[in-house]
Amino acid sequence: MNGTGRAVTRVLTVAGVPALLVIVWQLYSAASQNFYVPAPGRVAQAFAETWFSERILDDVLPSLARLLAGYALAVAAGVGAGVAIGLSPRLRAAAEPVLEFFRAIPPPVLVPLIMLLAGIGDGMKVLVIASGCVWPILLNTVEGVRALDEVLSDTCRMYGVRGLSRLRHLVLRGASPQIMAGLRQALSIGIILMVISEMFASSSGLGFTIVLFQRGFQIAEMWSGILLLGLLGYVLALLFRRLERRVLSWHSGRGVGRA
Amino acid sequence: MRRGIGSRIGYGAAGLGGLLVVMEAASRLGPVDERFLPPASEILGALAAELATAELWIALGETMWGWALGLAIAFCAAVAAGMVIGSVPGLRAATHSTVEFLRPIPSVALIPLATLLFGASLGSTLLLVVYAAFWQVLIQVLYGVADVDAVAHDTARSYGLSAWSRIRHLVWPTALPYVMTGLRLAAAVAFILAITAELVIGSPGLGLSIQAAQSAGAVTTMYALVVLAGLVGVAVNVGVRALERRVLAWHPSVRGEAPV
Amino acid sequence: MLEVSGLRKVYEGRRVEALREVTFQVDAGELVCVIGPSGCGKTTLLRCVAGLLPPTAGSVKVAGAAVTGPPPRMAVVFQEYGRSLFPWMTVRQNVELPLKEKRMPAGRRGELVAGSLAAVGLADVADAHPWQLSGGMQQRVAIARAVAYEPQVLLMDEPFAAVDAQTRADLEDLVLALWRDTGVTTLFVTHDIDEAVYLGQRVIVLSGSPTVVMEDLKIDLPPERDQLTTRSLPRFADLRGHLYAQIQRARGDR
Amino acid sequence: MLEVSGLRKVYEGRRVEALREVTFQVDAGELVCVIGPSGCGKTTLLRCVAGLLPPTAGSVKVAGAAVTGPPPRMAVVFQEYGRSLFPWMTVRQNVELPLKEKRMPAGRRGELVAGSLAAVGLADVADAHPWQLSGGMQQRVAIARAVAYEPQVLLMDEPFAAVDAQTRADLEDLVLALWRDTGVTTLFVTHDIDEAVYLGQRVIVLSGSPTVVMEDLKIDLPPERDQLTTRSLPRFADLRGHLYAQIQRARGDR
Amino acid sequence: SEEEPAAGGKDKVNAGVIAIVDTAPIHLGKAKGFFDKQNIDLTITPVQGGAASISGAVSGQFQFAFANTTSLLTAVEQGLDVKVVTNGVASTGVPGKDFSAVLVKPDSPVKTAKDLAGKKVSVNQLKNIGDTTIRAAVRDAGGDPDGIEFVELAFPDAPAALENGQVDAIWVVEPFVSQALSRGARPVTWNFAEPVEDLTVAMYFTTGKTDPDLVKRFTAAMNESLTYAQEHPEEAREALKTYTKIAPEVIAEIYLPKWGTEINEESVQEIADLAQGDGVLKGEVDVNTLIP
Ligand SMILES: Nc1ncnc2c1ncn2[C@@H]1O[C@H](COP(=O)(O)OP(=O)(O)OP(=O)(O)O)[C@@H](O)[C@H]1O
Ligand SMILES: Nc1ncnc2c1ncn2[C@@H]1O[C@H](COP(=O)(O)OP(=O)(O)OP(=O)(O)O)[C@@H](O)[C@H]1O
Ligand SMILES: [Mg+2]
Ligand SMILES: [Mg+2]
């Protein structure tokens, strides 16, 4: 295939389905005249007006910073605790009910509690984000570690590969396909929780702005914010995929490999 | 095996007990004010009182019904979609942008749409629950499908297994551990969304009770209901774990735990 | 039945030329062995023939039709026997699965499964899972699965590598009997020269890299083979000596 | 060096008695081969000796100390060679890892790795990943890793099952040379009787299930071994014939 | 959902109402049969806030709903078709005896509304009636309202944030006013009673789609309920026990709002002007489109 041909295919694979969805949306909004479903053109206009302004600095960047901080915290906690729990059946038996207990508590009701402990500043929001992101990472890490190949772990035991280097060379790498799955899940959950955390004790941020638009019945602006969230998720996912390709190159070569 | 289960319960109870002690100590001795986070003993007392009322059981029933239905729909849809997207070459790439775009959109942002379509009814709750839980399972399925062993895959192809048989006998079992994790993730997320939907939209259920207690300043009752939510989560997990032990008996993560 | 012409395979990525130019033919009902030094491309050849790997150049035809995907009625026994069994199925289910796929009636299926498991000496572990078996037992399960499938073409990749000498002799005779009874066209990859001579009507010797067919040797031993008498024939020793020297040369070429 | 006494192993779950009562000893610097029919418990025995599997009854001692976990300075080559290599590491990294663990200085480490890879004929694929190699090549990587580790005790489980005859002969000589040069105590599981006689100072024959030591045979061949002369000694043929008959009996017992 | 006559010839009505003290009359009125009398089969659906009740009404889920003045003004500004049918709740107009106040810690340096300038003050929703009235109170007291840092904090969470020093002052409504006062908090301004005279805080409304006759009957029933609640405060307190979880001893203590049937359009206009001045509303809003 030649260069342009390849570029066209690429654009088609990336943009084909979204374009189709926009068309459906246009048709629907034209037909229904629904106040809550403005036409795509109107939303695009609102998007330009709303987000190409100092809002980027005031609302989007602080949100992103909190998101990354919360995510990083969740990765550290999730992988760390996940490895420990995955390696020890006893620890797992003891910790699982407690973890499940917290996992089942909806973040909106957890927020007041976190506020008691961490105040109402950025720290609270970072904690809220981390408290939601951590679950898919933790669960996947635990399962990935439990599923390590027996012959490989025997090999490590035989050759005295222990402690940190066992962790590095066997446990983390062996579990990495599943850990990556968890990290990926957590990324979008992080965005969701970013919005939720900004619904409480907040006066800036992307999520806050969206809620404000919603309460002010500025529906096109609200949808433009949701659109921005989606775009943000997509960009982060692209970055993530690059990382994943590097980390899991051995895996896709070995398996049927299409992740 | 008996002994295994017994000790597992023992450890689990010890873990929960430890949590209670910490909570009790935190509010009695120190960092948080008793009025804002009552001691565990009081919360449990209030929970016991709540459990004696019929409304609570009705509310819990409503929540669980929305949860179960939403989870079932999301799970089936996601597994089907994941299998198709993961198995048909090209489809994964074509849907990637859309999936990644839709996935991080918070369910809570869909509330206007939900109320618009369904009002404060079960439909709204379902929309939110399904939307949130769907992606959890889908992503897990996609990773699981990508994990199929090359030799096993070749084996299936060379023995002329049809596409459907390959999915059923090779792809599905390979993806199963991922799917089970997805189910556990989705079960919790669906439960959270069921409650959140009730909190925010006001459809009846446990979330509404929490909201009522909260806006009345009844802190102890509110935490009692939150604890109840957590306990439901524990129960759901016990169920999924039991299921997992059955369907994944062949898998290293499960067979490694049989006493040697 | 099986025509391989000008087959070339380069693995992208590491850019390894696993096969340079391989051409040979197998007639219907023939049993041909392939030998060659370790890493010369035997498995690669077999996977190309099975339609599992697209060749870089050249073509493979089975029963006159060009191979683009796995042809029907072909069974393969993989070298990585451990990974080719489904760990979530019992031994019986593993053997039975392809038969179910052929929509074979349950009665006939049960017979075939029981028969082939008995033939490889595994009748009593039918309900175990593969990972509960020893390496050699797993390999025999994979063989039983291929036998039960009643293929028209049978490809085997070092199928007896993990079994003891006596079991191996038994399995060799099993393959011979199967081949004689059903006339299945068989391509048999091995690294054991004695085995190749004992089983094959012809032996194809692959050179070391760059891999081509170094020799296509007709085994002019009497068709009736027997572990004791055949192996003690002077001609057997001749052929074996000849092949030994060839493999030496093949390795030397590297 | 190695004392196995009254070893019994029952796998729970399927309740398979893999070993009934196995007792033998290996002196320091000895090379002992273990043979037995497929599925008789050779791998199980090896895993018990390696401290990877707790025995149901009986005990294993290495250098006088009871084995409860993997003893230091012991290397194992697993039968499932494919699964014992780290797919995310290159061949070199796989071989190097245990040496890094021993905190060996980089210079010495590099030498050992290069030397052992050259000895198994894989110097040129050091930067490939295991799944880019043929089965035989993977097995040789596992052997190179064990050799580079400079163990005091070496356990090998059918290490040459997937390589061609000539490579196999080379590797056999490699093991012999290694053993002679370093005096490493070696327990070598194989299903090939010729190989057992050629390599071993003693051969332990395991019976079929219920598994016990059926015979502990001293190989009274001259210590200097050579692929051509040793194998053509009449005593070699005697020993081989004897073992062949034993294995027949072992299988018959089943 | 359409409003079809029910089996007994009654119109089914779904009303979206926040479950707080303010809405006791509708619950009381329903219990008293005022709605039955008007041939209305009333269902009260609890909602989470003003935005939710307006969305619900516009989307047709509710025929009638309850929202505060600023939310309704915002909706009109955005061109939503909402029409007020009757008063909802009004300030008692008596500082010290109203249902809404701004509170500080007992030892706080903030003594009067003027001192709030430059402080961190919590409100339940930004750009709504809370910050508008607080700004007005500060302005009236001679302070500079621009310097106030408002943060969003739900009413139930506010007292804890105040005690932990995370905010300098909180705006809360009942029952949290009484609760906080009993724990020693000190009021600095009664923001519904002071800056605007006779403030109409919230109203019941409908949309243009609703049948005018039904509107008339609902209004009548609602007015009867409001009057009854105003005249029988003890029954109103009893009603609170049926739909909130406020503790009985707290219910006995709290300040009830004023439940009149008259809307003070001037106060609504004043709120509109104040909101516009603060930038909460972008343009001028004609109160007459909201209150026909
Ligand atoms: N997936 C792969 N990617 C890159 N190179 C590969 C891959 N698979 C095999 N090779 C290379 O191709 C060559 C031939 O491999 P192949 O597996 O066909 O050998 P073989 O003859 O079967 O060897 P053996 O007898 O050891 O099994 C080897 O050099 C190997 O390194
Ligand atoms: N994990 C397991 N669970 C249950 N049974 C097992 C397990 N592993 C091995 N066995 C059984 O134990 C017996 C001995 O197995 P083992 O692997 O030790 O045999 P082996 O002598 O190494 O055979 P081979 O030469 O074929 O590798 C077999 O009957 C096997 O089915
Ligand atoms: Mg091969
Ligand atoms: Mg074995």
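Start by selecting T43(C): with 23% relative accessibility, T43(C) is partly exposed. Keep in mind as you click around that this is a predicted model.

Now show the magnesium ion, ligand 3. Which protein atoms act as its donors? They are OG1 of T43(C) and OE1 of Q79(C), sitting 1.8 to 2.2 Å from the ion. Colour the two residues and trace the chain from one to the other: T43(C) belongs to helix α1 (residues 42–49) of chain C, while Q79(C) is in the loop between β6 (74–77) and α2 (81–84) of chain C. They are 36 residues apart, so this pair links distant parts of the chain.

Click on Q79(C) next. Is Q79(C) buried or exposed? Its relative accessibility is 8%, and because buried means under 20%, Q79(C) counts as buried.

Time to hop over to chain D. Select Q227(D), which you'll find in helix α8 (residues 227–231) of chain D. At 17% relative accessibility, Q227(D) is buried too. Show side chains here and look for two polar contacts: the side chain of Q227(D) meets the side chain of R231(D) at 2.9 Å, and the side chain of E172(D) at 3.1 Å. What else does Q227(D) touch, leaving aside neighbours within four places in sequence? Add A169(D), D173(D) and Y198(D) to your selection, alongside E172(D).

Finally, zoom out and colour by chain. Eight pairs of chains are in contact, and chains A and B share the most contacts. Now find chain E. No contact joins chain E to chain C, and their closest C-alpha atoms are 50 Å apart. Chain E doesn't touch chain D either, with the nearest C-alpha atoms 50 Å apart.

Terms used. Residues are numbered from 1 along each chain as its sequence is written. Chains are lettered from A and ligands numbered from 1 in the order in which they are written. This is a predicted model: local features need pLDDT of at least 70, side-chain atom pairs count only at pLDDT 80 or more; totals for chains, interfaces and linings use all residues. Side-chain values use heavy atoms; hydrogens and water are left out. Donors are N, O and S atoms within 2.8 Å of the metal (3.2 Å for Na, K and Ca); water is not among the atoms, so sites may look incomplete. Helices (H or I, at least four residues) and strands (E, at least two) are DSSP runs, numbered from the N terminus. Buried means under 20% relative accessible area, exposed over 50%, partly exposed in between (1.4 Å probe, protein chains only). A polar contact is a pair of N or O atoms within 3.5 Å; within protein, one must be able to donate a hydrogen and the other to accept it, and residues adjacent in sequence count only if both atoms are side-chain atoms. Contact means heavy atoms within 4.5 Å.
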